[in-house]
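Here are my notes on the model you sent over. Have it open while you read, and go through the points in any order you like.

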Amino acid sequence: MSELYRCGSAEFRHSLSRSMQDVTRRYGGIELTERQAPLTEDICTVHTVMEGDCRADLFLCADTSLLARLARNIMCQDTVTGQDIADVATEYFNVVCGRISSLLFQPGHKAPRFQVPCFHTGRYLPEREPASWWDIGYNSLHNESMHLVICLGPPSGGKPPSS
């Protein structure tokens, strides 16, 4: 089975969703439920490109309040800076990407690699339509939202939010 096919399978999506919830609970103490809830206007995006047999852009778009709470919980501090939020969100996304890589790895095949994630305040979107894409939404008990968007196909790059 090719990695590209596996990226879009229902089994992969279910395993990924469980992994996202587990990583968020274990490292950040935040319970997420899979739910396609809208994001607020105050969001941040972490973006990376998966390279290898299966090429994809991955975007983690989240309410800034959720990422700030994640940073406070992980750092065990009452207050965090914007840089703390960016650093924690990037490291958190690194862990998520590691989980994605392990879900995609097939013995005898080259494991997919991820570029170093980039943090952006606001929305950061693909420049053009990918071959296919899907979006898994999550909601916290504090009604904060997060979306993991995977755009399959040739890397599309991204564009910063419009002013």
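The points below start with the overall layout and then turn to a few local spots.

1. First, a reminder that this is a predicted model. The chain has four helices and seven strands. Reading from the N terminus, the order is α-α-β-β-β-α-α-β-β-β-β. Of the 163 residues, 50% are buried.

2. Helix α2 covers residues 10-28, which makes 19 residues. From first C-alpha to last, α2 reaches 26 Å, close to the 27 Å expected at 1.5 Å a residue. Right after α2 comes Gly29, with a positive phi of about 65 degrees.

3. Which residues of α2 are buried? The list is Phe12, Ser15, Leu16, Ser17, Ser19, Met20, Gln21, Asp22, Val23, Thr24 and Gly28. When you look at that list, keep the helical repeat in mind: with 3.6 residues a turn, positions three or four apart point the same way. Note that polar names are in there too, among them Gln21 and Asp22.

4. Tyr27 also sits in α2, but Tyr27 is partly exposed, at 49% relative accessible area. Together with Ile74 and Val95, Tyr27 makes a nonpolar surface patch of about 250 Å². The cut-off for joining a patch is over 30% relative accessible area, so Tyr27 at 49% clears it.

5. How many aromatic pairs does the structure hold? Just one. Phe59 and Tyr124 have ring centres 6.1 Å apart and planes at 45 degrees, so the pair counts as tilted. For the label, under 30 degrees would be stacked and over 60 edge-to-face.

6. Where do the two partners come from? Phe59 is in strand β3 (residues 56-63), while Tyr124 is in the loop between β5 (118-121) and β6 (132-140). The pair therefore ties together parts that are 65 residues apart in sequence. Both Phe59 and Tyr124 are buried.

7. Last stop is Ser145, in strand β7 (residues 145-152). Is Ser145 buried or exposed? Ser145 is buried, with 1% relative accessibility, and the cut-off for that is under 20%. The Ser145 side chain reaches the backbone oxygen of Pro38 at 3.1 Å. The same side chain of Ser145 also makes a polar contact with the side chain of Asn139, at 3.2 Å. When you check this spot, show Ser145 with both Pro38 and Asn139.

Notes. Residues are numbered from 1 along each chain as its sequence is written. This is a predicted model: local features need pLDDT of at least 70, side-chain atom pairs count only at pLDDT 80 or more; totals for chains, interfaces and linings use all residues. Side-chain values use heavy atoms; hydrogens and water are left out. Helices (H or I, at least four residues) and strands (E, at least two) are DSSP runs, numbered from the N terminus. The expected span of a helix is 1.5 Å times one less than its number of residues. Buried means under 20% relative accessible area, exposed over 50%, partly exposed in between (1.4 Å probe, protein chains only). Rings of Phe, Tyr and Trp (its six-membered ring) pair if their centres lie within 6.5 Å; planes under 30 degrees apart count as stacked, over 60 as edge-to-face and the rest as tilted. Patches are made of residues with over 30% relative accessible area and no salt bridge: like charges are joined within 9 Å, nonpolar side chains (Val, Leu, Ile, Met, Phe, Trp, Tyr) within 5 Å. Accessible areas come from the Shrake-Rupley method with a 1.4 Å probe; for residues, only the protein chains shown count as cover. A salt bridge is a side-chain nitrogen of Lys or Arg within 4 Å of a carboxyl oxygen of Asp or Glu. A polar contact is a pair of N or O atoms within 3.5 Å; within protein, one must be able to donate a hydrogen and the other to accept it, and residues adjacent in sequence count only if both atoms are side-chain atoms.
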